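Grab a pencil and open the viewer. Let's work through some exercises together, one step at a time.

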Amino acid sequence: MSSHHDVIVVGVGSMGAAACLHLAKRGTKVLGIDNQSIPNSNSSYNGNTRVIRLTYQEHPDYVPLLKEAYRLWDEIEQETNTRLLHKTGVLYMGFPDGEAISGVKLASEKHGLPYSTLTHAELAQQFPQFTLPEAMVGALEPEGGYLLSERAVESYARAAQQHGATLLTNEPVLGWSHDTHGVTVQTTSGTHTAGKLILCAGAWSGSLLRLPNLELTVTRQILGWVRPAKATPFQRGKFPVWNIDPTGDGDLTGIYYGFPMSDDPGEGSGLKLACHHPGQPMPPDAITAETFPADEEEIRLPLRRYLPGALGPVEAIKVCKYTNSADGHFVIDRHPESDRVHFACGFSGHGFKFSSVMGQILSDLALEGQTNHPIDFLRLRRFNN
Ligand SMILES: Cc1cc2nc3c(=O)[nH]c(=O)nc-3n(C[C@H](O)[C@H](O)[C@H](O)COP(=O)(O)OP(=O)(O)OC[C@H]3O[C@@H](n4cnc5c(N)ncnc54)[C@H](O)[C@@H]3O)c2cc1C
């Protein structure tokens, strides 16, 4: 099989599906190629839901990107008539000068974002589901919530097809090349050519990008679902997205976070939670379905400590992959080999909420060679490539 297009997108996952729609809407003849189905359980967006929040204090330019991401989430919801975002608020808990609480305050004040603080007593009164050390306090970001990640990727892919994009699934890309006329992409069943190429292959980006100075570490991350004896206190409407920074509480590290329960089968069954910390490094192709007793303990520990009323049977454990850049920030740029090739990778466990705007940025870069969005802090040059 062979075909010619304006732009080829390799990897129709979180970033690639959104890029396909933005390109197709701009009248581009686009081919998206993924080595698996859409959605798929081996991607970095598996496990139904992802947190969205505005109060990023890691770099000031994340916030304008997020404001546009929120606008585009609203746009795709309306276009596909599909609910993808629930603004439940995000409740942050931790010690007053810990990273989570001080970070929310700092980002909210710097960018004029709404937030409120809660004393320990207010937390206990408003959110009695949590049992926290006396010195912990809270901050509530009302704009935060969660996205239905698998449904979102499916919605972007379907809308892209409706706007004329061709999507090939279960079609691994083996390699790519470029010359003065365009780019050539080799898959297991054929060769495809185009004027431009976008590479957004998630955990597999390292081998496809062939950039020796770009360090990408794929890590094994756990998601768990439990069944509390009494579900009502944990239902959406009564219970927000939550985030606990335990640093300073014994030897706990990482950030524990979770989601409210809902009756929507697209959100999975049970109360979902996870720990944001770098897991064990793994090859991207390692089988992800296998789980171990230590995985269940990673889920039960924060419940025993902070949410005892939710401690019930573990219904499901899933394994997912972070693709970590050396500094934890995304990497999005033109490929040094050719101005026909752009890429986005290294989303380091916090990229999904940005995928709506990343699709727009990637389509800007492919079609115009530049974007008005503030992505200079995410460029490759910081790694000397
Ligand atoms: C456990 C966990 C929790 C997370 N929580 C959050 C959160 O709460 N909020 C948040 O914003 N982010 C979160 N993230 C991060 C977010 O999900 C990722 O940053 C995002 O999904 C990465 O998108 P991507 O497009 O780079 O990769 P993917 O979405 O995985 O897409 C890559 C695609 O490329 C395809 N592909 C790979 N190689 C090839 C090839 N050779 N040929 C063809 N196709 C190929 C794959 O099949 C896949 O579909 C979390 C991630 C994990 C694992």
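Below are six exercises on this predicted model, each followed by a worked solution.

**Exercise 1. Get the overall picture**

Work out how many helices and strands the chain has, and how its radius of gyration sits against the globule rule.

*Solution.*
- Step 1: Go through the secondary structure, and you end up with eight helices and 20 strands.
- Step 2: Take the radius of gyration, which is 21 Å, and put it beside the 21 Å that the globule rule gives for 385 residues. The two values are close, so the chain is as compact as a globular protein of that length.
- Step 3: Draw a box along the principal axes; the C-alpha atoms fill roughly 65 × 40 × 40 Å.
- Step 4: Look at burial, where 58% of the 385 residues turn out to be buried.
- Step 5: Take contacts between residues at least 6 apart in sequence: 74% of them join residues at least 24 apart.

**Exercise 2. Helix 1 meets helix 8**

Describe how helix 1 and helix 8 cross, and say which residues meet there.

*Solution.*
- Step 1: Recall that two packed helices are described by the angle between their axes and the distance between the axes.
- Step 2: Find the pair in the viewer: helix 1 covers residues 14-25 and helix 8 covers residues 355-368. Their axes come within 7 Å and cross at roughly 55°.
- Step 3: Name the arrangement. Angles from 65 to 115 degrees would be roughly perpendicular and angles under 35 roughly parallel, and this pair is therefore oblique.
- Step 4: Check the hand, and you get a right-handed crossing.
- Step 5: List who meets whom. Helix 1 brings Ser14, Met15, Ala18, Ala19, His22 and Leu23, while helix 8 brings Ser355, Ser356, Met358, Gly359, Gln360, Leu362, Ser363 and Leu367.
- Step 6: Sort that contact by class: seven residues are nonpolar, seven are polar and none is charged.

**Exercise 3. Helix 2 meets helix 5**

Do the same for helix 2 and helix 5: give the distance, the angle, the hand and the residues in contact.

*Solution.*
- Step 1: Locate helix 2 at residues 62-80 and helix 5 at residues 149-162. The axes come within 10 Å, with a crossing angle of roughly 65°.
- Step 2: Note the hand, which is left-handed for this pair.
- Step 3: Pick out the contact residues. On helix 2 they are Leu72, Trp73, Ile76, Glu79 and Thr80, and on helix 5 they are Ala152, Ser155, Tyr156 and Ala159.
- Step 4: Sort them by class to get six nonpolar, two polar and one charged.

**Exercise 4. Is Phe130 buried or exposed?**

Find where Phe130 sits, then decide and list its contacts.

*Solution.*
- Step 1: Look in the loop between helix 4 (120-126) and strand 7 (137-141), and there is Phe130.
- Step 2: Apply the cut-off. Buried means under 20% relative accessible area, and Phe130 has 8%, so Phe130 is buried.
- Step 3: Skip residues up to four places away in sequence, and Phe130 touches Leu91, Met93, Phe239, Trp242, Ile244, Tyr306 and Leu307.

**Exercise 5. Is Thr253 buried or exposed?**

Repeat the reasoning for Thr253, then try Pro283.

*Solution.*
- Step 1: Place Thr253 in the loop between strand 14 (241-244) and strand 15 (255-258).
- Step 2: Exposed means over 50%, and Thr253 has 56%, so Thr253 counts as exposed.
- Step 3: Leave out residues up to four places away in sequence, and Thr253 touches Pro246 and Cys275.
- Step 4: Move on to Pro283, in the loop between strand 17 (280-281) and helix 7 (293-306). At 53% relative accessibility, Pro283 counts as exposed.

**Exercise 6. Backbone oddities**

Say what the peptide bond from Ile38 to Pro39 looks like, and give phi for Asn170 and Ser348.

*Solution.*
- Step 1: Start from the usual case: most residues other than glycine have a negative phi, and most peptide bonds are trans.
- Step 2: Check the bond from Ile38 to Pro39, and you find a cis bond with omega near 0°. Pro39 is in the loop between strand 2 (30-33) and strand 3 (49-52).
- Step 3: Read phi for Asn170, a positive value near 50°. Asn170 lies in the loop between strand 9 (166-168) and strand 10 (173-178).
- Step 4: Turn to Ser348, with a positive phi of about 50°. Ser348 is in the loop between strand 20 (338-345) and helix 8, and is buried at a relative accessible area of 8%.

Key: Residues numbered from 1 in each chain as written. Predicted model: local features only at pLDDT ≥ 70, side-chain atom pairs only at ≥ 80, totals over all residues. Heavy atoms only, no water. Axes fitted to C-alpha atoms, helices over the stretch in contact; angles between N-to-C directions. Helix = DSSP H or I, 4+ residues; strand = E, 2+ residues; numbered from the N terminus. Parallel < 35°, antiparallel > 145°, perpendicular 65-115°, else oblique. Left-handed = near helix turned anticlockwise from the far one by under 90°. Contact = heavy atoms within 4.5 Å. Nonpolar A, V, L, I, M, F, W, Y, C, P; charged D, E, K, R; others polar. Rg over C-alpha atoms; globule rule 2.2 N^0.38 Å. Buried < 20%, exposed > 50% of the residue type's maximum accessible area, 1.4 Å probe, protein only.
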